[in-house]
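Me: Could you take a close look at the disulfides here, and then at the strands around them? I'd like the cut-offs spelled out as you go.

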Amino acid sequence: MIRSFVLAAAMTVIAGIAHAEEPIVGKWKTAAGDTAVIASCGGSYCVTLKTGKYAGRKIGTLAGTDGSYAGEITDPAAEKTYSGSGKISGDSLRMQGCVMKILCKSQTWTRL
């Protein structure tokens, strides 16, 4: 009986590790002070604004692992989409959008 309990506990821990979320998943405060939520969606991560002038608008899709992500980022004010990336460092997310990989703008978001 004890052996079965230990085996079941070990399998539960392993299953939890296998399903651990990426560090990008969660709520973030943008440079403008709005709240953005990044969540799993179809094998990548969708970035959606939850507060502010553009609340409810999806502004990006990123893919990657281990704190380094790439995809597309949309500037909701200009309604333009750029090649984008995100890099996690502690509780900070450095978001960058580029045109032709040479004209880039970046901002840092903080985890809420």
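Reply: Happy to help; here are the disulfides, followed by the strand pairing.

A quick word on the basis: this is a predicted model, where local features need pLDDT of at least 70 and side-chain atom pairs count only at pLDDT 80 or more, while totals for chains, interfaces and linings use all residues. Residues are numbered from 1 along each chain as its sequence is written, and side-chain values use heavy atoms, with hydrogens and water left out.

A disulfide is taken as a pair of cysteine sulfur atoms within 2.5 Å, and by this rule there are two disulfides. Counting bonded cysteines along the chain, their pattern is 1-2, 3-4.

One of them links C41 with C46, at an S to S distance of 1.8 Å. The torsion about the S-S bond of C41 and C46 is about 85°, so this disulfide is right-handed. For exposure, buried means under 20% relative accessible area, exposed over 50%, and partly exposed in between (1.4 Å probe, protein chains only). C41 has 23% relative accessibility, so C41 counts as partly exposed, whereas C46, at 14%, counts as buried.

The other bond runs between C98 and C104, with S to S at 2.1 Å. Here the torsion about the S-S bond is about 110°, so the disulfide of C98 and C104 is right-handed. C98 is buried at 11% relative accessibility, and C104 is partly exposed at 35%.

Now for the strands. Strands (E, at least two residues) are DSSP runs, numbered from the N terminus, and two of them pair if DSSP finds at least two bridges between them. Eight strands form a closed barrel in the order β1-β2-β3-β4-β5-β6-β7-β8, with antiparallel pairing. The twist from one strand to the next averages 30°, with axes fitted as lines to C-alpha atoms and angles running from 0 to 180 degrees between N-to-C directions.

Strand β8 covers residues 103–111 and is joined antiparallel to β1 (residues 26–29) by two bridges; K29 has T110 in β8 as its bridge partner.

Elsewhere in the barrel, β4 (residues 58–65) pairs antiparallel with β5 (residues 68–75) over six bridges, including one between A63 and A70. Their hairpin has two residues between the strands, and D66 takes a positive phi near 55° there. Strand β5 is also joined antiparallel to β6 (residues 80–89), by eight bridges, and D75 has K80 in β6 as its partner. That hairpin has four residues between the strands, with E79 at a positive phi near 55°.
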